[in-house]
Amino acid sequence: MFLQRTAVAVARRAAVAPVLRRGIATTAVRRNGVPDQPKIKTLKEIKTEEDLIGPGAKPGTVPTDVEQATGLERLEILGKMEGVDVFDMRPLDASRLGTLDNPVMVRSAGEEQFAGCTGVPADSHNVLWLRMTRERPVERCPECGSVYKMEYVGPQDDGHGHDHHHGWEEPKTLADYVKPEYW
């Protein structure tokens, strides 16, 4: 009995040869020069929303990101292929404290924009997210006092007549009750 247990314990500790002698590797297939491959439009050739629909993959193949991406994702991929940062993902200027007279500018193509403040100098406090809208473009960080202002760079009218978003009003904050002379 004792001998059987010892034999099982030794077998467990014994080095077992690996099943695969070679490492598993992936194979990349280059598709240069394939005559049936559809032409991918460049960023300069994009004029309408229909241009942001990918050609898709041929039947029986797996599509690449360029072939299957649509909309804003496709615009971003085409921009990266040409070295253009379509969404301007650079960090905000954290070298100075924004003031009401000279705020840190945040560009936005949408109705609202969130900016994360990490303090002045950078990383002096945890990230606090500030929400700026077209109606209320200026926000102040409650931790360090830095002021951020949204610069709207999108279209002036969306063409749908949705200016009031179906009666939704932004909730009031303490800043709505402060007298203007205190600013």
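## A walk through the fold, its cores and its charged pairs

The protein chain exposes about 14800 Å², and carbon and sulfur atoms supply 56% of that area. Keep in mind as you look around that this is a predicted model. Of the chain's 183 residues, 19% count as buried.

**Overall layout**

The chain contains three helices and five strands. Reading along the sequence, you meet them in the pattern α-α-α-β-β-β-β-β. Among contacts between residues at least 6 apart in sequence, 40% join residues at least 24 apart.

**The nonpolar cores**

In soluble globular proteins, nonpolar side chains tend to be buried together. Here, the largest nonpolar core has ten residues in all: V104, V106, A115, C117, L130, M132, C141, Y148, M150 and Y152. The elements giving two or more residues to this core are β1 (104–108), β2 (112–117), β3 (128–133) and β5 (147–152). Strand β5 provides the largest share, three residues.

Y148 is a good place to centre your view. Setting aside neighbours within four places in sequence, Y148 is in contact with L92, P103, V104, V106, C117, L130, M132, P137, V138 and E139. Apart from this core lies another one, made of five residues, among them I46, L52, L75 and L78.

**A buried arginine**

Now turn to helix α3, which spans residues 71–81 and includes R74. R74 is buried yet has no salt bridge. Why is there no such bridge for R74? A salt bridge needs a side-chain nitrogen of Lys or Arg within 4 Å of a carboxyl oxygen of Asp or Glu, and the nearest side chain of opposite charge to R74, that of D51, is 8.6 Å away.

What does the side chain of R74 reach instead? It reaches the backbone oxygen of V66, at 2.3 Å. Leaving out neighbours within four places in sequence, the residues in contact with R74 are I40, D51, L52, I53, G54, P55, V66, E67 and A69. One of these, L52, also belongs to the five-residue core.

**Salt bridges**

How many salt bridges does a search of the whole structure find? The search finds seven, including the three pairs in this table.

| Pair | Closest N to O distance |
|---|---|
| K80 and E76 | 3.4 Å |
| D88 and R90 | 2.7 Å |
| E112 and R131 | 2.7 Å |

The K80 and E76 pair sits in helix α3, where the two residues are four apart and so separated by about one helical turn. K80 is exposed, with a relative accessible area of 59%, while E76 counts as partly exposed at 29% relative accessibility.

In the D88 and R90 pair, D88 is partly exposed, with a relative accessible area of 33%. R90 is exposed, and its relative accessible area is 62%.

The E112 and R131 side chains also meet in a salt bridge. This pair links distant parts of the chain, with E112 in strand β2 and R131 in strand β3, 19 residues apart. Both partners fall in the middle class of accessibility: E112 counts as partly exposed at 37%, and R131 is partly exposed with a relative accessible area of 27%. Strands β2 and β3 are also among the elements that give two or more residues to the largest nonpolar core.

Definitions and conventions: Residues numbered from 1 in each chain as written. Predicted model: local features only at pLDDT ≥ 70, side-chain atom pairs only at ≥ 80, totals over all residues. Heavy atoms only, no water. Buried < 20%, exposed > 50% of the residue type's maximum accessible area, 1.4 Å probe, protein only. Lys, Arg positive; Asp, Glu negative; His and termini not counted. Polar contact = N/O pair within 3.5 Å; in protein donor to acceptor, adjacent residues only side chain to side chain. Contact = heavy atoms within 4.5 Å. Core = buried A, V, L, I, M, F, W, Y, C linked by side-chain atoms within 4.5 Å. Areas by Shrake-Rupley, 256 points an atom, 1.4 Å probe, with all protein chains shown as cover.
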